[in-house]
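Me: I have a model open and would like to learn how to read it feature by feature. Could you walk me through it?

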Amino acid sequence: MKRLILSLILLASPLAAHDQMSGDLHIIHPSMPQPLATARSAAGYVTISNEGDTPEELIGIRSPFAKSTTLHTTIFEDGIARMRPLVGVPIAPGEVINLEPGGMHVMFMGLTGTANEGDMIPATLIFRNAGEVAVEFMVDPADGADHSRMDHSNH
Ligand SMILES: [Cu+2]
């Protein structure tokens, strides 16, 4: 049922979307708003559904597109969005996690190239149980944000 709902959401989306199953994990539309040509870093987003019976945890990510690729969350202090590293993102059986603007996200820091709308950026998601899963982040239209300018002072 949950998968049906997610499929309907994907169908309703005006943008192209892609998804894949890897074991019990449904990985939906890894994506990245197109970074500015001058950006040194970029944010990536993805939705992951654990459709199995065992707890899972997203514990890391790798990509040749950046010198370092980490998991971040966004916290708000005095109305200012600040980003902090995450050690991992637990995904309980039946749970759906969303890495999305203003929340948890993948941080590509030290971009090794440029990305144009429609490009597919290769990356490897690392799960505690499922291990490494190859995905591609689709470059979506720019969202106007320059992640280089966001607060990462606590790194
Ligand atoms: Cu970040």
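Reply: What follows is a walk through the fold, the metal site, the strands, the salt bridges and the backbone. Keep in mind that this is a predicted model.

Me: Let's start with the overall picture. How many helices and strands are there in the protein?

Reply: One helix and 11 strands. Along the sequence the helix comes at the start of the pattern, α-β-β-β-β-β-β-β-β-β-β-β.

Me: What share of the 155 residues is buried, and what share of the contacts comes from residues 24 or more positions apart?

Reply: Buried residues are 44% of the 155. If you take contacts with a separation of 6 or more, 67% of them are between residues 24 or more positions apart. As for the surface, the protein exposes about 8000 Å², with carbon and sulfur atoms supplying 55% of that.

Me: On to the metal. Which residues are the protein donors of the copper ion?

Reply: For a metal site, list the donor atoms and then look at the angles. Here the donors are ND1 of His72, SD of Met83, NE2 of His105 and SD of Met107, lying 2.2 Å from the copper ion. In sequence they are spaced H-x10-M-x21-H-x1-M. Take His72 and Met107 as a pair: His72 is in strand E5 (residues 66-77) and Met107 in strand E9 (residues 105-111), so 35 residues separate these linked, distant parts of the chain.

Me: Why is the arrangement of the four donor atoms irregular?

Reply: Check the angles. Around the copper ion they run from 76 to 135°, and a tetrahedral label would need all of them between 85 and 135 degrees. The arrangement is therefore irregular.

Me: And are His72 and Met107 buried or exposed?

Reply: The cut-off for buried is under 20% relative accessible area. His72 counts as buried because its value is 1%, and Met107, at 0%, is buried as well.

Me: Where does strand E5 go after that, and which strand do the six bridges join to E5?

Reply: Follow the bridges. Six of them join E5 to strand E6 (residues 80-85), and the two run antiparallel. Phe76 stands opposite Ala81 in E6. The two strands form a hairpin with two residues between them.

Me: What is special about the phi of Asp78?

Reply: Asp78 has a positive phi of about 50° even though it is not a glycine. Asp78 sits in the loop between E5 and E6 and is exposed, with a relative accessible area of 78%. His29 also has a positive phi, near 45°, and is a residue other than glycine. His29, though, is found in strand E2 (residues 25-33) and counts as buried, at 13% relative accessibility.

Me: How do I read side-chain directions in a strand? Which residues of E8 point to which face?

Reply: In a regular strand the side chains alternate between the two faces of the sheet. Strand E8 (residues 96-99) shows that alternation: Ile97 and Leu99 point to one face and are buried, whereas Val96 and Asn98 point to the other and are not. E8 is joined by four bridges to strand E3 (residues 41-50), and the two run antiparallel. Within that pairing, Leu99 is the bridge partner of Val46.

Me: Last topic, salt bridges. How many does a search of the whole structure find?

Reply: Side chains of opposite charge can pair when their charged atoms come close. The search finds three salt bridges. One of them joins the side chains of Arg128 and Glu57, at 2.9 Å from N to O. Arg128 lies in the loop between strand E10 (120-127) and strand E11 (131-140) and Glu57 in strand E4 (residues 56-62), so the pair ties together parts 71 residues apart in sequence. Arg128 is exposed at 53% relative accessible area, while Glu57 is buried at 17%.

Me: Which residue does Arg62 meet in a salt bridge, and which does Arg82 meet?

Reply: Arg62 meets Glu132, at 3.0 Å from N to O. With Arg62 in strand E4 and Glu132 in strand E11, the pair ties together parts that are 70 residues apart in sequence. Arg62 counts as partly exposed, at 41% relative accessibility. Arg82 meets Glu77 at 2.9 Å, N to O, and Glu77 is partly exposed, with a relative accessible area of 34%.

Notes: Residues numbered from 1 in each chain as written. Predicted model: local features only at pLDDT ≥ 70, side-chain atom pairs only at ≥ 80, totals over all residues. Heavy atoms only, no water. Donors = N, O, S within 2.8 Å, 3.2 Å for Na, K, Ca; no water. Tetrahedral: all angles 85-135°; square planar, octahedral: opposite > 155°, others 65-115°. Buried < 20%, exposed > 50% of the residue type's maximum accessible area, 1.4 Å probe, protein only. Pairing = 2+ DSSP bridges. Salt bridge = Lys/Arg side-chain N within 4 Å of Asp/Glu carboxyl O. Contact = heavy atoms within 4.5 Å. Areas by Shrake-Rupley, 256 points an atom, 1.4 Å probe, with all protein chains shown as cover.
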